[in-house]
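Colleague: Please put the model up first. I will then ask for values, and I would like the reasoning with each one.

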Amino acid sequence: MLVLCCIGCGAGWSRRPLNSLDPVPARQQVQVWHRGRADILHAVRIDSTTVTGIPFHKSLACDTCYVVIPRAQIDSVRVGDLVDGFWRSTALVVGGFFFAGFVYCLKRDCGGT
């Protein structure tokens, strides 16, 4: 359950207008929604008619892995912020442990009085 909370709450995804993404750093995760599914890409390039990128689980050096998506088919775009997602997940886990410890102490009368 804790892992699911970390994945769901701490992913660090934020929605962006497609026109505001150029230029995109090569290692930046970009989630492109089209035809009811999402492709997570990096090395994303945007031009007037297409969005191209490499699936995130593939190497940046893979020249044959490029995915080309026509802009007309794109529903929305989200950008992943790995550092923000890490800190959100860490705060969630640490906060959960503190809360569990607090509840445990309330039940056990850990105050010593």
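Colleague: Is Arg 35 buried or exposed?

Modeller: This is a predicted model, in which local features need pLDDT of at least 70 and side-chain atom pairs count only at pLDDT 80 or more, while totals for chains, interfaces and linings use all residues. Residues are numbered from 1 along each chain as its sequence is written, and side-chain values use heavy atoms, without hydrogens and water. Buried means under 20% relative accessible area, exposed over 50%, and partly exposed in between, with a 1.4 Å probe and protein chains only. Because its relative accessibility is 66%, Arg 35 counts as exposed.

Colleague: Where does Arg 35 lie, and what is its phi?

Modeller: Arg 35 belongs to the loop between S2 and S3. Most residues other than glycine have a negative phi. Arg 35 is not a glycine, yet its phi is positive, near 50°.

Colleague: Which residue of strand S3 has a positive phi although it is not a glycine?

Modeller: Strands here are DSSP runs of E with at least two residues, helices are runs of H or I with at least four, and both are numbered from the N terminus. The phi in question is about 55°. The residue is buried, with a relative accessible area of 7%. It is Ala 43.

Colleague: In what order do the elements of the chain run?

Modeller: The chain has two helices and six strands. Read from the N terminus on, the order is α-β-β-β-β-β-β-α.

Colleague: In what order do the six strands form the open sheet?

Modeller: Two strands pair if DSSP finds at least two bridges between them. The pairing in this sheet is antiparallel. Its edge strands, each pairing on one side only, are S1 (13-16) and S5 (67-70). The order is S1-S6-S2-S3-S4-S5.

Colleague: How many bridges join S2 to S6?

Modeller: S6 also pairs with S1, over four antiparallel bridges, and there Trp 13 has Gly 80 as its bridge partner. Towards S2, the bridge partner of Val 32 in S6 is Val 77. S2 and S6 run antiparallel, and the number of bridges that join them is five.

Colleague: Which residue in S5 is the bridge partner of Thr 52?

Modeller: Thr 52 is found in strand S4, which four bridges join to S5. Thr 52 counts as buried because its relative accessible area is 17%. Contact means heavy atoms within 4.5 Å, and beyond four places in sequence Thr 52 touches several residues, among them Ala 43, Val 44 and Tyr 66. Its bridge partner in S5 is Val 68.

Colleague: What separates the C-alpha atoms of Gly 53 and Val 67?

Modeller: Gly 53 lies in strand S4, and it counts as buried because its relative accessible area is 0%. Outside four places in sequence, its contacts include Leu 41, Cys 65 and Val 67. Gly 53 and Val 67 are 14 residues apart along the chain, and their C-alpha atoms are separated by 5.4 Å.

Colleague: How far apart are the sulfur atoms of Cys 62 and Cys 65?

Modeller: A disulfide is a pair of cysteine sulfur atoms within 2.5 Å, and a search of the whole structure finds one. Both Cys 62 and Cys 65 are buried. Their link is right-handed, with 65° about the S-S bond. The sulfur atoms are 1.7 Å apart.

Colleague: Why is Cys 105 partly exposed?

Modeller: The other two classes are buried and exposed. Cys 105 is partly exposed because its relative accessible area is 34%.

Colleague: Which elements give two or more residues to the largest nonpolar core?

Modeller: A nonpolar core is a set of buried Ala, Val, Leu, Ile, Met, Phe, Trp, Tyr and Cys residues joined through side-chain atoms within 4.5 Å. The largest one has 13 residues, and those touching the most other members include Leu 18, Leu 21, Val 30 and Ile 74. The elements asked for are the strands S2 (30-34), S3 (37-46) and S6 (74-80).

Colleague: How many residues of S6 are buried?

Modeller: S6 has seven residues and is mostly covered. For the chain of 113 residues, 29% count as buried. In S6 the number is five.
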